[in-house]
Amino acid sequence: MNYLNIALAKGRLASKAIELLISCGYSFKDYCKESRKLIFEDEINNIKITLVKSPDVPVYVENGAADIGIVGKDILLENKYNVYELLNLNVGKCNMCIAGFKDKIPDYSKKVVVGTKYPNITKNHFSQLNILTDIVKLNGSVELAPIVGLSDIIVDIVESGNTLKENGLVVHENILEISARLIANKVTLKTKYHKIQNIIQSLESIVERGGPDEKVLS
Ligand code: PRP
């Protein structure tokens, strides 16, 4: 069976991506947000979705383990991947921010210690400003870094702002706007052209009309 394989970023972006695909007319009967299942199929349209950690989406797509993927622009900016970026899906919108304590803006004329999951984005940002940094690479719960004295500030994505607020931190500066992108494997974009083109066209029209249908997921 010639399935189209789609890698989706697990977590909050997964349900938004699945809502988009359902609005395109696909159906994943056994998907629910709480499920621990990682593969879901639309057997009528021969579509298979795989839920993977967000930094792994472009890895799956680059290596052909998935034909297309939906992933945040943050992941695509942090590392280079040999994939096509096809479409800004305009969901999963958030900002890449510098954040820290309200009353503790660091002295940027001295070296600043930055905690982040995004060392490359962070390094590029501060080196463009000629600011010296020590970067502490973390894998999550980045907001803890200034609290426990691991860093002066953090660079991280902020969506609702709740994580910062509940941990007593504030945004110092927004540095990038982020949203979900559709990416494709460079070979299967040709070999599965019609199938991928159908999805691109459906997604484009949903993006144009302002997003997925309301309440497609319970
Ligand atoms: C991300 C990000 C922030 C949080 C921001 O973490 O790193 O911690 O979401 O979202 P908010 O502004 O809506 O609160 P994620 O939930 O991916 O978890 P992690 O800490 O395990 O990386």
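**Exercise 1. Helix H8 and what follows**

Task: State which residue just after H8 takes a positive phi, then find which residues of H8 are buried.

Solution.
- Step 1. In this predicted model, Gly210 has a positive phi of about 100°, just after H8.
- Step 2. Go back along the chain to H8 itself. The helix holds 16 residues, 193-208. Its first and last C-alpha atoms are 22 Å apart, close to the 22 Å expected at 1.5 Å a residue.
- Step 3. List the buried positions: Ile196, Ile199, Ile200, Leu203, Ile206 and Val207.
- Step 4. These residues lie on the same side of H8, because they cover an arc of only 130° around the axis.
- Step 5. Recall the general rule. An α-helix has 3.6 residues a turn, so residues three or four places apart point the same way.
- Step 6. Turn to the face away from the buried side. His194 and Glu208 are the exposed residues there.

**Exercise 2. A salt bridge between strands**

Task: Determine which parts of the chain the pair Arg181 and Glu85 links, and whether Arg181 is buried or exposed.

Solution.
- Step 1. Check the contact. The closest N and O atoms of Arg181 and Glu85 are 3.0 Å apart. The cut-off is 4 Å, and the pair forms a salt bridge.
- Step 2. Place the partners. Arg181 sits in strand E11 (residues 180-184) and Glu85 in strand E5 (residues 84-88). They are 96 residues apart, so the bridge links distant parts of the chain.
- Step 3. Apply the burial cut-off, under 20%. Arg181 has a relative accessible area of 13% and is buried. Glu85, at 37%, is partly exposed.

**Exercise 3. Two lysines**

Task: For Lys110 and Lys111, name the salt-bridge partner of each and classify the lysines by accessibility.

Solution.
- Step 1. Lys110 meets Asp107, at 3.6 Å from N to O. Lys110 is exposed at 54%, while Asp107 is partly exposed at 41%.
- Step 2. Lys111 meets Asp134, at 3.7 Å from N to O. Lys111 lies in the loop between strands E6 and E7, and Asp134 in strand E8, so this pair ties together parts 23 residues apart in sequence.
- Step 3. Lys111 is partly exposed at 49%. Asp134 is partly exposed too, at 37%.

**Exercise 4. A nonpolar surface patch**

Task: Identify which residues form the nonpolar patch on the surface, and locate Ile147.

Solution.
- Step 1. The patch consists of Leu144, Ile147, Val148 and Leu150. Together they have about 350 Å² of accessible area.
- Step 2. Ile147 belongs to helix H5 (residues 144-147). Its relative accessible area is 40%, which makes Ile147 partly exposed.

Methods: Residues are numbered from 1 along each chain as its sequence is written. This is a predicted model: local features need pLDDT of at least 70, side-chain atom pairs count only at pLDDT 80 or more; totals for chains, interfaces and linings use all residues. Side-chain values use heavy atoms; hydrogens and water are left out. Patches are made of residues with over 30% relative accessible area and no salt bridge: like charges are joined within 9 Å, nonpolar side chains (Val, Leu, Ile, Met, Phe, Trp, Tyr) within 5 Å. Accessible areas come from the Shrake-Rupley method with a 1.4 Å probe; for residues, only the protein chains shown count as cover. A salt bridge is a side-chain nitrogen of Lys or Arg within 4 Å of a carboxyl oxygen of Asp or Glu. Helices (H or I, at least four residues) and strands (E, at least two) are DSSP runs, numbered from the N terminus. Buried means under 20% relative accessible area, exposed over 50%, partly exposed in between (1.4 Å probe, protein chains only). The expected span of a helix is 1.5 Å times one less than its number of residues. The arc is that of the directions from the helix axis to the C-beta atoms.
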